[in-house]
Amino acid sequence: MKNIILEAKQSGYFLLFVFLFSYAQSILVRLMIRQELNWYIFTPEAAVATLISSSVLFLILYFFIKRWQKSDLFRFKEVIKIFSFSLLVFLAISKVFGLILAFLFDTFERNFNSKTLILSTFSEIMNTFIYGSFFLVYYYYRKNEKNQKQIIRYNQALAESKINGLKAQLNPHFLFNNLNVLDQLIEEDQILASDFLNEFAEIYRYVLQVSDQKVVTIEEEFAFAKKYFSLMRYKYGNAYLLEVETLDFSGNIVPLTLQLLLENAIQHNLGTEANPVRIKIKRDNNLTLSNNIITKRSTKPLSGRALYNLKEQYCLLTKKQIKIHKTPSEFSVSIPIISKLQQ
């Protein structure tokens, strides 16, 4: 009963439509029969009666839908079965109710003669088809709308789960790469290694802080990327140079985006102080990081997992994708800006 009352409250506009339709129908029928216009034509009692009988029909349809519909999918055979049985039950209830009223008001002869019975039955069947069709269309529209919302929620949860999984891969990636740098520095210069470790600890706090965020502001990410690049200079000195055009900090990007792209440029290229790798960051419609290519002669094959994971995160968060462009002399990655509306 509570479910029925709740459904009725949520279906207020639908019931109003049914009442207005039945009211217009009663006016039209009266005009056709009486062929004249008077105040009686516009009285609403026929519409109210139709609304009440239609509500009974809706309850019968709802009962059989809940009883017989086995799946969330629209199945034509099931709907025909539900509608047919609902029609028979509705007609039976209408006739029993009419019979009771006829005995109470002594109108049996007038309301249950063969001509009146045929006309009233035909009228009830037509109303069942009209208002029953309205209800089925409305019910399955609501059901489809609900299913679509569930699908959207499921896809959002799935996307969020994937993003969290990708981040879980990126954080250890960041940690282990920098521990390797620290290991090399310990062998070369322990004092420098100590300074590196202190700055790395501060930077890693940021990594932990943003690990549960989908996006961060460009300003936050740029400040972090500069600190990371300064950290890399402990090992490489001026073999890698960072050049930044004046940036517009509006908008958001995925956390660790710039750091990963800087790391990618350093890992794939061999810079020296005499011939440095120049890494440039600029902003137009997108945020672009580019670098000149100085290929390493001998290197272990790199998996490219970090860049792949980054691409996957952007695919899940925005319709725009990362664009990678490579020429013999330059490699660039263009990052889409994520506005608040896209989050």
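Hi everyone. Let's start at the largest pocket, which is lined by 32 residues, with Ala49, Ser120, Ser123, Glu124 and Asn127 lying nearest its centre. Five elements each give two or more residues to that lining: helix 2, helix 3 (45–68), helix 4 (76–104), helix 5 (108–111) and helix 6 (114–188). Helix 3 gives the most, with nine residues. The space in this pocket comes to about 1400 Å³. If you like to think in side-chain chemistry, the lining has 14 nonpolar, 13 polar and five charged residues. Please keep in mind that we're looking at a predicted model.

Now let me step back to the whole chain. There are 10 helices and seven strands. Of the 343 residues, 36% count as buried. The chain exposes about 21600 Å², and carbon and sulfur atoms supply 60% of that. Looking at contacts with a separation of 6 or more, 73% come from residues 24 or more positions apart.

Next, helix 2, one of the elements lining the pocket. How far apart are its end C-alpha atoms? Helix 2 covers residues 12–34, so with 23 residues at 1.5 Å a residue it should span 33 Å. The end C-alpha atoms are indeed 33 Å apart, which agrees.

Which residues of helix 2 are buried? They are Phe14, Val18, Ser22, Ser26, Ile27 and Arg30. As you read along that list, remember that an α-helix has 3.6 residues a turn, so residues three or four places apart point the same way. Just after helix 2, Gln35 takes a positive phi of about 55°.

Val18 also brings us over to helix 3, because one of its contacts there is Ser54, which is buried with a relative accessible area of 3%. Leaving out residues up to four places away in sequence, Ser54 touches Val18 and Tyr131.

My last stop is Leu256. Where is it found? Leu256 sits in the loop between strand 3 (252–253) and helix 9 (257–268). Its phi is positive, about 75°, although Leu256 is not a glycine. For background, most residues other than glycine have a negative phi. Is Leu256 buried or exposed? Its relative accessibility is 4%, and buried means under 20%, so Leu256 counts as buried.

That's my tour, thanks for listening!

Notes. Residues are numbered from 1 along each chain as its sequence is written. This is a predicted model: local features need pLDDT of at least 70, side-chain atom pairs count only at pLDDT 80 or more; totals for chains, interfaces and linings use all residues. Side-chain values use heavy atoms; hydrogens and water are left out. Helices (H or I, at least four residues) and strands (E, at least two) are DSSP runs, numbered from the N terminus. The expected span of a helix is 1.5 Å times one less than its number of residues. Buried means under 20% relative accessible area, exposed over 50%, partly exposed in between (1.4 Å probe, protein chains only). On a 1 Å grid over the protein atoms alone, a cavity is a set of points where a 1.4 Å probe fits but cannot get out, and a pocket is an open set with protein on both sides within 12 Å along at least five of seven lines; lining residues have an atom within 4 Å of a point. Grid points are joined across faces, edges and corners, and a volume is the space filled by probe spheres set on the points. Ala, Val, Leu, Ile, Met, Phe, Trp, Tyr, Cys and Pro count as nonpolar, Asp, Glu, Lys and Arg as charged, and the others, Gly among them, as polar. Contact means heavy atoms within 4.5 Å. Accessible areas come from the Shrake-Rupley method with a 1.4 Å probe; for residues, only the protein chains shown count as cover.
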